[in-house]
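User: I'm new to this one, so please take me through a close look at its aromatic rings and its oppositely charged side chains. Tell me who partners whom, and where each partner sits.

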Amino acid sequence: MSRGFAGNDTGPERGDERLPIEYHRGRGLISIRRMSLGSGYRYLMESVAIGDGAKRAPSDLVAYYAESGTPPGVFLGAGLAGLADGRGVEKGSPVSEEHLLRMLGLCADPVTGKPLGRAPNRALASAQKRIAERVNAIPTDVSPVQRAAIVARIEEEEHARSGRLRPPVAGFDLTFSPSKSVSVAWALADPATKQVIYDCHRRAIEMVLAYAEAEVLHSRSGTDGVVEEDIIGVIAAAFTHWDSRAGDPQLHDHVIVLNRAQSVSDGKWRTLDSRGLFKAVVMLSELHQGVLSDLLTEALGWGWDGRPRRHSDRPRFEVAGVGEALMAEFSQRATAIEERTKALIAEFVSARSRQPTSTEVIDLRRRATIETRPEKTFRSLADMTADWRERAVPYVGGQPESWVASLAATNDLPLLQSTDLSDEILADVARVALGKVGEQRATFSRYTVAAEVHRQLHGARFASPHDRITVASRTVAIALGEALLLTPPELYHTPLRFRRPDGTSRFRAKGHEVYTTTAIVEAETRLLEAGKRSEGPRVALATVASTVEDGLPGRSERLSLDQAMAVQQVATSARLLDVLVGPAGSGKSTTMAGLRAAWEAEHGPGSVIGLAPSAAAAEVLADELGIETENTAKWLYEHRRQPDRHAALTRLRGQLAGGRLTAATAASWHRRIAEVEADIGRWQLSAGQLVIVDEASLAGTFALDELVSAASDAGAKVLLVGDPAQLSAVEAGGIFAALVADRDGHAPELCDVRRFVNEWEKKASVALRAGDPMAIDAYHAHGRIVDGGREELLDALYQAWSNDIGAGRSSLMIAPDTATVSELNRRARADRVAAGQVAEEGTEVSGGATAGVGDLVITRQNDRRLDAGGRWVRNGDRWIVTAAGADGRLTVRPSTGGPTVVLPARYVSQHVELGYAATAHLAQGRTLDTAHAVVWPATTREVLYVSATRGRHANHLYVDTCYDPDPQTGHDKAIQPQTAREVLTGVLAREGADISAHEAIRRAHDQAESIATLA
């Protein structure tokens, strides 16, 4: 049994990559699932080839072509040498059920059954021993399905007998999946080509595993594991599976790594230190993709295309010649459910002469989900291949094997050796990689840089994986040489026996050093100094008092005590850069309105302008405060053009003064001069102005540095308004939290939460914000937590949302990843079509969904050329479709009412999505009646807090207690359920926000100088 996570550790440390989970969807990846002591092996054994197949060499794919199931697992890893009392186990030899049961049931030697290192909990160990004995006694003539049922019953009985203790981690399931184009080409190839692709797939796994053994994986010894131990290698068992859970082609291997390894220093068996593995998983995924690409190019001459990705500027590399439509055909699970649901609704209407209720639609969809799920059968690869080829005919013609053959020899790039690239060339790659990492993170590790280096190298082909790894290592070393190491030097003497061969201390985890860039440190330093400077404009205390007393212009409400105090602190402070902290629902907008009134009373109308990280947020700010606003990136872009405008103005004035012009020409020149002067005035700050930056936690450090510099030059003041407990910037950030912390508890802050109707929810949201697990009790006591598996949770969430919408409430479904958002959006549209609220026919939008008349859609890119009655189309805007053109265009109007705008077909296909559900990043800043949010074990505290604070009347949490990071390759029986409290407690401990380099330095020094570390 396992608990799955992809790219994030489960401890308080943040995962090394902040990439959203959907970044990996649809491409090659390595996902990780923890496997608990017990029955996690069963789902692997159930699908293994039976009969004569189990006796054949696992590497011979052709031998299994006609067999049902998949080949037996094979042993991998350098740690095999220490098994069987030192005799060792041959790499590539088959893994039996007894082997796996000893590994994952007892943490024991798979050959001898002797414990490897410290034995697990005695009661659990006894239970696993009894399970092993009873499983071994099952007759050999029992069918695989019957055997699985018997094993399940045995485990249930023995676990109940042992008191259902929470079992420890016995191993890790590293699932290696090639990109979709590789799986599709493999699925349609002739047997000989299939074998070649399969061999490359297995070789890539072995190479990446060997790299991880040498560079990533360690164990620990000493009190609290203070000493890092190099290991001889891991003990692993690799199981190949042919298809996804939906029956689509998806070649992948489950590589089960035992949570025991032998230390180099003393030969003792200890548990693995999984922290490095989780921090390095994204880097290993990128390495795996590059290595596999090189092997396939070497063997088959395949070329590779870099293709665009939704919501990311990073290309995904696919086999050249494998079309997007063909890959989409083999990713049809959601579409199949929709089509079957539609048919069941039609049958319902025909039988009962009425439309089904929302509850009945949920039941019909649940039935469709079950009916469209492929039957649990052990089909042969030959049968699967026949089905896949039939489905591919409309895309590649009647001879899929020939089409696969046509992909050969399409590589036109040279095969590089490591010696072909000089340090000067690699320095350019290192500079680009370090620049991208520095733009995205304030602090980072070696693994973060290595992952980006591998991405930069995906477009090159290497003669061998060794050449790729060598070049990447050299490039990483160059990049880190240009970075700043924040981890402090050793403050104590380390005895020789605790040092590695290179002289470094084994008290320090390898690869966990924290780095930043000079540019980040300098930008943060300037901002922190600006927060202390006192030459900014201010407002007299008497003016503030008068404004607060008179009330806010155009508003019925008056400022509360905490709001009035915040206005006074900000307005009367002469700080060049100030902050205002406001938890979710604390009345930041009203406070800013009071501040605007006080500021304009002293500095005049128009002296307050607003900025926000997104255009949609800037528009909201304009509506709430009645001031000119803009998104920060646009303002900075235009401000950088000021020197060009001044030069153009000088040129125009000179031409006007020096030439003999007709009256008409002179008038034209005067109009042009007036336009340039207006632009200069619009994008130029002036003395006494107040620049309010809303949602400041989402603002990047470099953008704020540039803005504050402009304000300083002009004699203006910048106020950052936000909440450091909410989501942070996509680019390098964390500076808002650092500026707040730099005020030593004296930053202006709003204390009274006003958004929620229920008093208990006000208090619970504050506890949630602070990471206090007691908040969980409050949400649970008021029925706000639903737990279960993914599909039942989505059913419950969707039905609750549908009921709210039907009752006339504003509501939003919030999901952690775009794949789940898309699934919920499709479900909402299908039901609205069935209810006659939305037209069935429509236009294809981004992600492959359809939008028709009546649909709610969201635009995902700013486009100032698209005018909707005086306002332009923004990223995050919500619209109702009023017409869908046959040419792919959509006519839409704002969801709140207003003039329509026609969205061009190209914009629709790339930047329009259905808008019934959203991620937390899109939801931040919104206020609705209710919100319904999915929570995973990999969710961060900031995402949970934002998701749980959108609704005035109710916020419901749907906690996935059977989370699988890669459901397409997952197996229900491999997941050990957690309780909702366990999941939510882990989420509250998992901070995902970027931290500033200065904060990272402080933490590193505090840790290095702590009594615990020195002891």
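Analyst: Let's start with F498, which is partly exposed, at a relative accessible area of 21%. F507 also counts as partly exposed, at 27% relative accessibility. (Buried means under 20% relative accessible area, exposed over 50%, and partly exposed in between, using a 1.4 Å probe and protein chains only.) Keep in mind that this is a predicted model: local features need pLDDT of at least 70 and side-chain atom pairs pLDDT 80 or more, while totals for chains, interfaces and linings use all residues. Numbering runs from 1 along each chain as its sequence is written, and side-chain values use heavy atoms, leaving out hydrogens and water.

Now for the rings. The structure holds ten aromatic pairs (rings of Phe, Tyr and Trp, the last by its six-membered ring, with centres within 6.5 Å; planes under 30 degrees apart are stacked, over 60 edge-to-face, the rest tilted). Take Y198 and W242: their ring centres are 6.1 Å apart and their planes meet at 65 degrees, so this pair is edge-to-face. Y198 belongs to helix α6, residues 191–215, whereas W242 is in strand β8, residues 236–243, so the pair ties together parts that are 44 residues apart in sequence. (Helices, H or I of at least four residues, and strands, E of at least two, are DSSP runs numbered from the N terminus.) Both ends of that pairing are tucked away: Y198 is buried, and W242 is too. Back to our opening couple: the ring centres of F498 and F507 lie 5.2 Å apart with their planes at 40 degrees, so that pair is tilted. Y198 and W242 also have further company, since ring pairs link them with W186 and W388 into a cluster.

On to the charges. There are 59 salt bridges in the structure (a side-chain nitrogen of Lys or Arg within 4 Å of a carboxyl oxygen of Asp or Glu). In one of them, the side chains of R455 and E286 meet, 3.1 Å from N to O. R455 lies in helix α14 (residues 446–457) and E286 in helix α7 (residues 274–300), so that bridge ties together parts 169 residues apart in sequence. R455 is buried, and E286 is buried as well.

Then there's D777, which has a salt bridge to R981 with the closest N and O atoms 2.1 Å apart. D777 is in helix α27 (residues 774–781) and R981 in helix α33 (residues 980–988), so this pair ties together parts that are 204 residues apart in sequence. Here the two partners are partly exposed: D777 has a relative accessible area of 34%, and R981 has 36%.

Next, R829 and D855 join their side chains in a salt bridge at 2.4 Å, N to O. R829 sits in helix α29 (residues 818–834), and D855 is in the loop between β26 (850–851) and β27 (856–859), so the pair ties together parts 26 residues apart in sequence. Both R829 and D855 are buried.

Salt bridges can also be followed from one residue to another: D305, R307, R316, E318 and E324 are linked in a network of them.

Finally, a second glance at α33, the helix that holds R981. What is buried in α33? A980, V983, L984, G986, V987 and L988 are. The buried residues of this helix pack against several elements, among them α27, the helix of D777. They also pack against α26 (759–769), β23 (785–788), β35 (928–935), α32 (941–947) and β36 (951–960), where contact means heavy atoms within 4.5 Å.
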